[in-house]
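Work through the following exercises with the sequence and the structure at hand. Each task is followed by a solution in steps.

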Amino acid sequence: MIFRTFIFLCLFLSSLYADGVYDLNVLSLQAKVFPKVILTDTDIANKTSNNTIVITVLYDKIDTQTAVQFQKMVQRNYKTLKGFDLSVRLSQYKNFSQQKKLSSAYFFLLTDNTKQLTSIANEITKEHRLTFCYDEDYLDYGVMMGLDIREKVSLSLDLKTLKQSKIKLQNSIFKVVKIR
């Protein structure tokens with residue numbers, strides 16, 4: 001009985017700190033870089049809603065705090081982008097599948113569930129939407145862009161996903177990205 005209680009407490013406490021797996025410095029850097037990358041979308045004017053660029057952060061319930069932190073970081077860094085207002089919306093993955101129409105053209109994905117990530121990323125790509133991720137390794141699961149932070153910081157782009165999405169980016173982005 002004591003052993004079961006101990007295991008339960010360990011699992012419960014570890015779940016409380018799951019947001020701790022995200023590095024706030026990395027998140028802050030992403031909150032600065034990804035809105036700038038959006039500006040390289042050649043069709044940005046047609047992907048706004050009431051002159052507002054909308055970024056949707058998709059997350060699991062356990063990542064709620066991280067999603068809120070990312071939202072605040074982006075909003076603190078940017079009120080506008082090249083004359084467009086900027087809005088960051090939060091949506092749990094479970095709610096995403098219930099949405100009939102994508103109301104956002106740009107998505108930031110937080111999860112470690114690779115099956116879910118693959119499914120959502122593929123669905124978003126088919127709708128000609130740009131996807132970013134916290135972990136650059138997520139590009140292996142259909143996400144379009146991510147930051148690779150090691151000795152140097154580099155922006156990684158999955159060219160196959162970009163082609164599938166039929167999104168056209170300005171040529172200048174290809175001078176700074178690492179193609180995968």
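Helices are DSSP runs of H or I with at least four residues, numbered from the N terminus. The model is predicted.

**Exercise 1. Place Ser165 in the fold and describe its surroundings.**

Step 1. Ser165 is found in helix α6, which covers residues 159-165.

Step 2. The relative accessibility of Ser165 is 0%, so Ser165 counts as buried; the cut-off for buried is under 20%.

Step 3. With neighbours within four places in sequence set aside, Ser165 is in contact with Thr125, His128, Arg129 and Met144.

**Exercise 2. Describe the length, the N-terminal end and the two sides of helix α5.**

Step 1. Helix α5 (residues 114-126) has 13 residues. From its first C-alpha to its last, α5 reaches 18 Å, close to the 18 Å expected at 1.5 Å a residue.

Step 2. The N-terminal end of α5 is capped by Asn113, with a side-chain oxygen 3.2 Å from the backbone nitrogen of Lys115.

Step 3. The buried residues in α5 are Leu117, Ile120, Ala121, Ile124 and Thr125. They cover an arc of only 135° around the axis, so they lie on the same side of α5.

Step 4. Lys115 and Lys126 are exposed on the other side of α5.

Step 5. The cover over the buried residues of α5 includes β1 (52-59), α4 (93-96), β4, β5 and α6.

**Exercise 3. Examine phi at His128 and Lys166.**

Step 1. For background, most residues other than glycine have a negative phi.

Step 2. His128 is not a glycine, yet has a positive phi of about 65°. His128 is found in the loop between α5 and β5. At 35% relative accessibility, His128 counts as partly exposed.

Step 3. Lys166, also a residue other than glycine, has a positive phi near 60°. Lys166 lies in the loop between α6 and β8 (177-179). With a relative accessible area of 63%, Lys166 is exposed; the cut-off for exposed is over 50%.

**Exercise 4. How many aromatic pairs does a search of the whole structure find? Classify the pair of Tyr22 and Tyr134 and the pair of Phe34 and Phe108.**

Step 1. The search finds 5 aromatic pairs.

Step 2. The ring centres of Tyr22 and Tyr134 are 4.7 Å apart and the planes stand at 85°, so this pair is edge-to-face; the cut-off for that class is over 60 degrees.

Step 3. Tyr22 lies in the loop between α1 (2-16) and α2 (24-38), and Tyr134 in the loop between β5 (130-133) and β6 (145-149), so the pair ties together parts that are 112 residues apart in sequence.

Step 4. Tyr22 counts as buried at 9% relative accessibility, and Tyr134 counts as buried at 13%.

Step 5. The pair of Phe34 and Phe108 is tilted, with 5.8 Å centre to centre and 50° between the planes. Phe34 lies in helix α2 and Phe108 in strand β4 (residues 106-109), so this pair ties together parts that are 74 residues apart in sequence.

Step 6. Phe34 and Phe108 are buried. Phe34, Phe70, Phe108 and Phe132 form one aromatic cluster.

**Exercise 5. Describe helix α2 and the nonpolar cores.**

Step 1. The 15 residues of α2 should span 21 Å at 1.5 Å a residue, and the end C-alpha atoms are 21 Å apart, which agrees.

Step 2. Asp23 caps the N-terminal end of α2: one of its side-chain oxygens lies 2.7 Å from the backbone nitrogen of Asn25.

Step 3. Buried residues in α2 include Val26, Leu27, Gln30, Ala31, Phe34, Pro35, Val37 and Ile38.

Step 4. The largest nonpolar core has 38 residues. Those with the most contacts inside this core are Ile53, Tyr106, Phe108, Leu110, Phe132, Met145 and Leu155.

Step 5. Two or more residues of this core come from each of α2, β1, α3 (64-77), β3 (84-92), β4, β5, β6 and β7 (153-157). The most come from α2, which gives 6 residues.

Step 6. With neighbours within four places in sequence set aside, the contacts of Met145 include Val37, Phe132, Leu139 and Leu155.

Step 7. A second, separate core has 14 residues, among them Tyr93, Leu117, Leu139 and Val143.

Methods. Residues are numbered from 1 along each chain as its sequence is written. This is a predicted model: local features need pLDDT of at least 70, side-chain atom pairs count only at pLDDT 80 or more; totals for chains, interfaces and linings use all residues. Side-chain values use heavy atoms; hydrogens and water are left out. Rings of Phe, Tyr and Trp (its six-membered ring) pair if their centres lie within 6.5 Å; planes under 30 degrees apart count as stacked, over 60 as edge-to-face and the rest as tilted. Buried means under 20% relative accessible area, exposed over 50%, partly exposed in between (1.4 Å probe, protein chains only). Contact means heavy atoms within 4.5 Å. The expected span of a helix is 1.5 Å times one less than its number of residues. The arc is that of the directions from the helix axis to the C-beta atoms. A polar contact is a pair of N or O atoms within 3.5 Å; within protein, one must be able to donate a hydrogen and the other to accept it, and residues adjacent in sequence count only if both atoms are side-chain atoms. A nonpolar core is a set of buried Ala, Val, Leu, Ile, Met, Phe, Trp, Tyr and Cys residues joined through side-chain atoms within 4.5 Å.
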